[in-house]
Amino acid sequence: MATPPGTRGTAQSATSHPQVLTGAKLVLPTGTIPDGRITVTGTKITAITAEPPHRAPHGAADMIDVIDVSGHWLVPGFVDLHNHGGGGASFAGSAQDVLTAVRTHRAHGTTTLVASTVTDDMDVLVRQAGLLSELAEQGDLAGIHFEGPFISPCRKGAHSEALLRDPDPAEVRKLVDAARGQARMVTLATELPGGLDSVRLLAEHGVIAAVGHTDATYEQTVQAIEAGATVATHLFNAMPPLGHRAPGPVAALLEDERVTVELVNDGTHLHPAALALAFRHAGPGRVAFITDAMDAAGIGDGRYLLGPLEVEVSEGVARLVEGGSIAGSTLTQDRAFQRAVTIDRLPVEDVVAALSANPARLLGLADRVGSLEPGKDADLVLLDDAFEVRGVMRKGAWVVAPDLA
Ligand SMILES: [Zn+2]
C-alpha cells in the first residue's frame, strides 16, 4: 500500500516488508535511468533495476509496498559538511536545539549532517563537543566541524575577534579529543603561527584540515595543502580575492587535485559567475555544496544569535548586526540543488555529486551514503520536475512522506 499523500512532514518508521519505488528518474553513479525501480528493505537499498514502471513486482504483491513515483527524480540524500543550525535552533545550543536543527534540514533532504561550531571560549567549545559527540554516537549527526577559533582576525567574518587564537597544535588537539572520535573537520587559518603543525596533527588523526577564514598568500596555501589540508572552507568567502598578481588561496585551492572546495550556492555568498568558474575548474568531483546555514534556515527573517554574536536576517540574508558581515546563510540543500540545476544550469548528475557523493567520500562514509546503490542506506530525496522536495526517506523511513499530488 502506498503511503497516502498529505502526510508531508510526518515521520514514519521503516516498514518490515520491502518498499518499491517505481517509475523514477534515478540518478545513479553511472548516470540517470529514466524509468528506474528501487527496492528498499529495512534500512537499506536492496535492488535497483531499469524496468518499465508499471510492471508488478516479483513475489507476493501484498507483501510489498509499491509506490509509483513516475515523473519524479530520486536522488541520494544530501550530505552537509558545514552547517550551524536551522529551524530557529543552533548546534551551539541544547540537545533539543540540535535535534530541531537536524530535523529541519532533514525535511529539506539533508540526511547526513556534520554540525559546525563557531568561535567561542575554549571551555564552551569543549563542552559543546561533548554534547555533539553524544548525538553523533546516537547517529543523529555525522560528526563535528570546528570552525574557529583558530582563524585570522583579518578574515573573521561572523566570528568574535576577541575569542580568536593562533592554531596551537595542543589546543587543536584539545578540541579533537573533546569530540571523542567525532571530530570530522577543523577550519583554520593555516598561515598563522602553529598553522602547518596543526594541519599535520589533524591529518595524522584522520580529521580534515580545512583552509578557511584565512589571509594566506598563494604560496602559504600551497604549503598548507602539502602539509595535508584537503578542503577549502566556503571558497572565495572569508579569504583574499583572486588577484592576477596575488592569486591567493583561491587559485591554490582550486588547482590542487587533492582539495575539495566548499561552495555556498545561495545566490548571496557567490556571484553565479564565480560559482561557475569554481565548478568548472575544480570539476564535478571536487566540489561540495554546503549550506553554512544558521538558525534562520527553514524559518525566515528576524533577529538571531550566531554563537555570541547578534545577527539580523532580512530577505533571507543573514548579516551581523554590528559591522554587517555575512553571517552564515539561510540555505537548505534542496534550494542549493534547485539553484544549481535551474539557475546555474549544471547537469543533475554533477549536482548530485556535489551534494551527496563528494561530501560522503570526504567524510569516509561512501560505503554507506552518498549514492543510490544496493547495500547503501536507503537515504532518498524525491523531487518533482521543478526540483521541489516531494519526499525524503532516511534509513528506509519516510521523514517527509511522498506527496505526489
Ligand atoms: Zn560556517
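A crossing of two helices is called right-handed if the near helix is turned clockwise from the far one by less than a right angle, and left-handed if anticlockwise. I start with that term because it applies to a helix pair I will come to, where α5 passes α6 in a right-handed crossing. One caution before the details: this is a predicted model.

Let me begin with the overall division. The protein chain falls into two domains. Domain 1 is made of residues 19–76 together with 370–400, and domain 2 covers 78–362. Taken over C-alpha atoms, the centres of domain 1 and domain 2 are 31 Å apart. Where they touch, domain 1 contributes 16 residues and domain 2 contributes 19 residues. On the domain 1 side, the elements giving two or more residues are β2 (31–41), β5 (73–76), β20 (389–394) and β21 (397–400). Of these, β20 supplies the largest share, 3 residues. By residue type, that side of domain 1 divides into 10 nonpolar, 4 polar and 2 charged.

There is also a database annotation. UniProt, in an unreviewed entry, lists residues 74–399 as "domain: Amidohydrolase-related". Across residues 74–399 the chain is 31% helix and 23% strand. The C-alpha atoms at the two ends of that stretch are 15 Å apart.

Now the sheets. An open sheet of 8 strands has the order β6-β9-β10-β11-β12-β13-β14-β15, with parallel pairing. Which strands are at its edges? They are β6 (78–83) and β15 (287–290), each of which pairs on one side only. At the β15 end, strand β14 (residues 260–264) runs parallel to β15 and is joined to it by 4 bridges. Within that pair, L263 stands opposite F289 in β15. Helix α8 (residues 333–342) lies across β6, β9 (110–117) and β15, and its direction is at about 125° to β15.

The other sheet I want to show is an open one of 3 strands, in the order β16-β17-β18, and here the pairing is antiparallel. Why does one side of β16 (302–306) and of β18 (317–320) lack a neighbour in the sheet? Both stand at the edges with a single partner strand each, so one side of each is left free of a neighbour there. On average, neighbouring strands of this sheet are turned by 35° against each other, ignoring direction.

Within this sheet, β16 and strand β17 (residues 309–314) pair in the antiparallel sense over 5 bridges. One facing pair is Y304 and V311, the latter in β17. The two strands form a hairpin with 2 residues between them. In the turn, G307 has a positive phi of about 55°.

Last, the helix pair from the start. Helix α5 (residues 218–227) and helix α6 (residues 248–255) pack at an angle of about 35°, and their axes are 7 Å apart. Which residues make the contact? From α5 they are Y218, T221, V222 and I225, and from α6 they are G248, P249, A251, A252 and L253. These residues divide into 7 nonpolar, 2 polar and no charged.

Definitions and conventions. Residues numbered from 1 in each chain as written. Predicted model: local features only at pLDDT ≥ 70, side-chain atom pairs only at ≥ 80, totals over all residues. Pairing = 2+ DSSP bridges. Axes fitted to C-alpha atoms, helices over the stretch in contact; angles between N-to-C directions. Domains from an automatic or database assignment. Contact = placed C-beta atoms within 7 Å. Nonpolar A, V, L, I, M, F, W, Y, C, P; charged D, E, K, R; others polar. UniProt positions renumbered as here; feature names shortened; annotations may be inferred.
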